[in-house]
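Hi there,

Here is the structure I promised to send over. Have a look at it first, and then read on for my notes.

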Amino acid sequence: MQGKKKVIDALNKLLAGELAAMDQYFIHSEMYDDWGLTKLYERIAHEFDDEKGHAKAIISRILFLEGTPDLVTRDPIHVGKDVPEMLRNDLNTEYSVAKNLKAVIKLCEDEQDYQTREMLRKQLEDTEEDHAYWLEKQLGLIDKIGLKNYQQSQM
Ligand SMILES: [Fe+2]
Ligand SMILES: [Fe+2]
């Protein structure tokens with residue numbers, strides 16, 4: 001089905017964000033694994049899979065709309081040096097993805113592309129209520145119990 005160019009272009013912009021989130025979670029999960037922070041590794045490796053799922057859904061929607069998915073363009077990634085910085089960078093990535101999703105959901109509404117909107121609404125739910133919320137909780141725990149105790153709990 002021929003989709004609107006505006007919607008396809010916006011989906012490609014979102015795709016650049018999902019690919020970057022994937023890369024960032026990939027490198028962060030490998031760093032946690034290397035440091036022996038196995039619980040953080042497992043959780044962040046799972047986020048990597050979620051972002052891959054988001055990218056896959058956007059790619060298949062672009063193809064369905066007869067557009068060309070852009071797998072080359074990626075938003076910049078922000079690799080942290082330590083656990084709090086990694087969690088904070090990931091949270092900022094989730095906030096920026098949420099902001100972009102909301103703008104494209106609104107565009108889909110204006111263009112009456114309700115199926116694309118529904119797919120993105122689901123991604124917004126994952127982004128706000130799962131990914132960002134979990135990261136906010138980790139940063140809150142570090143504040144409450146201290147970094148040393150937090151890291152010990154993630155081994
Ligand atoms: Fe995502
Ligand atoms: Fe996410």
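Below is what I found, beginning with the metal site and ending with a few single residues.

Please keep in mind that this is a predicted model.

**The iron site**

The iron ion (ligand 2) is held by Glu51 (OE), Glu94 (OE), Glu94 (OE) and His131 (ND1), at distances of 2.1 to 2.3 Å. Its site is irregular, with angles of 56 to 138° among the 4 donor atoms. Along the sequence, the donor residues of the iron ion (ligand 2) follow the spacing E-x42-E-x36-H. Glutamate 51 coordinates both this ion and the iron ion (ligand 1), and the two ions are 3.6 Å apart. Since glutamate 51 sits in helix 2 (residues 38–64) and histidine 131 in helix 4, the pair ties together parts that are 80 residues apart in sequence.

How accessible are glutamate 51 and histidine 131? Glutamate 51 has a relative accessible area of 2%, so it is buried. Histidine 131 counts as buried too, at 0% relative accessibility.

**The largest pocket**

You may also want to look at the largest pocket, which holds about 160 Å³ of space. It is lined by 16 residues, and the closest to its centre are Gly17, Asp75, Thr93, Ser96 and Val97. Which helix gives the most to this lining? That is helix 1, with 7 residues. Helix 1 (5–34) and helix 3 each supply at least two residues of the lining. By character, the lining residues divide into 5 nonpolar, 8 polar and 3 charged.

**Two more residues**

Glutamate 111 belongs to the loop between helix 3 (83–110) and helix 4 (114–145). Is this loop residue, glutamate 111, buried or exposed? Its relative accessible area is 15%, and the cut-off for buried is under 20%, so glutamate 111 is buried. Leaving aside residues up to four places away in sequence, glutamate 111 touches Lys4, Lys6 and Val7.

Arginine 121, in contrast to glutamate 111, is found within a helix, namely helix 4. With a relative accessible area of 38%, arginine 121 is partly exposed. The C-alpha atoms of arginine 121 and lysine 102 are separated by 8.3 Å, and the two residues are 19 residues apart along the chain.

That is everything from my side for now. Happy to talk it through whenever suits you.

Best wishes

How values were computed. Residues are numbered from 1 along each chain as its sequence is written. Chains are lettered from A and ligands numbered from 1 in the order in which they are written. This is a predicted model: local features need pLDDT of at least 70, side-chain atom pairs count only at pLDDT 80 or more; totals for chains, interfaces and linings use all residues. Side-chain values use heavy atoms; hydrogens and water are left out. Helices (H or I, at least four residues) and strands (E, at least two) are DSSP runs, numbered from the N terminus. Buried means under 20% relative accessible area, exposed over 50%, partly exposed in between (1.4 Å probe, protein chains only). Contact means heavy atoms within 4.5 Å. Donors are N, O and S atoms within 2.8 Å of the metal (3.2 Å for Na, K and Ca); water is not among the atoms, so sites may look incomplete. Four donors count as tetrahedral if all angles lie between 85 and 135 degrees; four count as square planar and six as octahedral if opposite donors are over 155 degrees apart and all others between 65 and 115; anything else is irregular. On a 1 Å grid over the protein atoms alone, a cavity is a set of points where a 1.4 Å probe fits but cannot get out, and a pocket is an open set with protein on both sides within 12 Å along at least five of seven lines; lining residues have an atom within 4 Å of a point. Grid points are joined across faces, edges and corners, and a volume is the space filled by probe spheres set on the points. Ala, Val, Leu, Ile, Met, Phe, Trp, Tyr, Cys and Pro count as nonpolar, Asp, Glu, Lys and Arg as charged, and the others, Gly among them, as polar.
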